[in-house]
Structure formats: C-alpha cells, structure tokens
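I opened this notebook to record what I looked up in the structure. The entries go from the chain as a whole to its strands and then to single residues.

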Amino acid sequence: MTTTYVSLSTNLSDPSMVAVALAGELDLYTVERIEPTLARLTGGGGSELVLDLAGVTFCDSSGAALFLRMHRRCVAAGVRLSLCRIQRLPGRAIRALGVERAVPCSFA
C-alpha cells in the first residue's frame, strides 16, 4: 500500500480573502482528508477563497471534482473561488475535465 501526501496551509492576513496553499497529490484518498477543512473555510466570512496549487504535483478526477464541489459551495455562500499557479501535470486534468470553465484558473 502506498501513502499519498497532501498538505494544506492557510493565510488569513486579509479579512476579505482566504488563501490556501495546497501541496502534494490530489487523489481519492487525499481529497477525503482535506475537503472538510476547505468546506469550513468557505463559510469563514471572507468574500474570496484562493487555492494556490503551485505545490500540487498530481491531480486526478477526484481533485477536479473537489474543485467543482468547492465552487458550488462558494457560490451558495457568496464567496468567489479561484485556482492559481496550477502546474503543468495537474493542469492537464483540470483542463480535460472542464474545471476552468466553471472556476477562474491561472496556470503556471
């Protein structure tokens, strides 16, 4: 059995924005671990949630589905979600699964 790695760190220095840096791999197992935290941050009172994906080395359909679920949560809460600094390999999955059509994305 292999263990996949993911980490999440937040920056709350601007009260209107929550910035979250993700690092590691986004797959079925890691998404289950970080989704509850991301869901709580959606209702944290800020008007913008930025997910910095510079440290994400892999993203499969589970990660893409997470971004779409987060988008729906953010819309319901009146929060703007964006993904930034998306690296080449995770970007392929994000583009192939159409995430950038629903969520503003910037690619590295």
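**Entry 1: the chain as a whole**

I began with contacts: residues 24 or more positions apart account for 64% of the contacts in the chain with a separation of 6 or more. I note here that the model is a predicted one.

I then listed the secondary structure and found 4 helices and 5 strands. Read from the N terminus, the order of the elements is β-β-α-β-α-β-α-α-β. The radius of gyration is 13 Å, close to the 13 Å that the globule rule gives for 108 residues, so the chain is as compact as a globular protein of that length. I also took the extent of the C-alpha trace along its principal axes, which is about 40 × 30 × 25 Å.

For the surface, I looked up burial and found that 40% of the 108 residues are buried. The chain exposes about 5800 Å², and 55% of this area is supplied by carbon and sulfur atoms. For the charges, I compared the mean position of the 11 positive ones with that of the 9 negative ones; the two lie 4 Å apart.

**Entry 2: strand pairing**

I asked in which sense strands S1 and S2 pair, parallel or antiparallel. Strand S1, residues 6–11, and strand S2, residues 17–26, are antiparallel, with 6 bridges between them. In this pair, Leu8 is opposite Leu22 of S2.

I next followed S2 to strand S3, residues 48–59; these two run parallel and are joined by 9 bridges. Here Leu26 has Cys59 of S3 opposite.

From S3 I went on to S4, and found these strands parallel as well, with 5 bridges. Val50 faces Ser82 of S4 across this pairing. Strand S4 covers residues 80–86, and I recorded it as mostly covered, since 5 of its 7 residues are buried.

**Entry 3: residues of S3 and S4**

I chose Leu53, which lies in strand S3. Is Leu53 buried or exposed? Its relative accessibility is 1%, under the 20% cut-off, so Leu53 counts as buried. Leaving out residues up to four places away in sequence, I found Leu53 touching Leu22, Phe67, Leu83, Cys84, Arg85, Ile86, Gln87 and Ile94. I also checked Leu53 against Arg88, 35 residues apart along the chain, and noted a C-alpha separation of 11 Å.

Ser82 belongs to strand S4. With a relative accessibility of 10%, Ser82 counts as buried. Beyond residues up to four places away in sequence, Ser82 touches Glu48, Leu49, Val50, Leu51, Val103 and Pro104. Among these contacts is Val50, the residue that stands opposite Ser82 in the pairing.

Arg85 is also in S4. I looked at its backbone and found a positive phi of about 55°, although Arg85 is not a glycine. Most residues other than glycine have a negative phi. The relative accessible area of Arg85 is 46%, so I entered this residue as partly exposed. Arg85 is one of the residues that Leu53 touches.

**Entry 4: Ala21 in S2**

I turned to Ala21, placed in strand S2. Its relative accessibility of 31% makes Ala21 partly exposed. Which residues does Ala21 contact, leaving aside its neighbours within four places in sequence? I found Ser7, Leu8, Ser9 and Asp52. Ser9 and Ala21 are 12 residues apart in sequence, and their C-alpha atoms are 5.3 Å apart in space.

**Entry 5: residues of two helices**

Thr42 is in helix H1, which covers residues 28–42. I found Thr42 buried, at a relative accessible area of 5%. Setting aside residues up to four places away in sequence, Thr42 touches Leu49, Met70, Arg73, Cys74, Ala77 and Val79. Leu49 was also in my list of contacts for Ser82.

I closed with Leu89, located in helix H3, residues 88–96. Leu89 has a relative accessible area of 43% and is partly exposed. I checked Leu89 against Thr10, 79 residues apart along the chain, and their C-alpha atoms are separated by 23 Å.

How values were computed
Residues numbered from 1 in each chain as written. Predicted model: local features only at pLDDT ≥ 70, side-chain atom pairs only at ≥ 80, totals over all residues. Heavy atoms only, no water. Pairing = 2+ DSSP bridges. Rg over C-alpha atoms; globule rule 2.2 N^0.38 Å. Buried < 20%, exposed > 50% of the residue type's maximum accessible area, 1.4 Å probe, protein only. Contact = heavy atoms within 4.5 Å. Areas by Shrake-Rupley, 256 points an atom, 1.4 Å probe, with all protein chains shown as cover. Lys, Arg positive; Asp, Glu negative; His and termini not counted. Charge placed at Lys NZ, Arg CZ, Asp CG, Glu CD.
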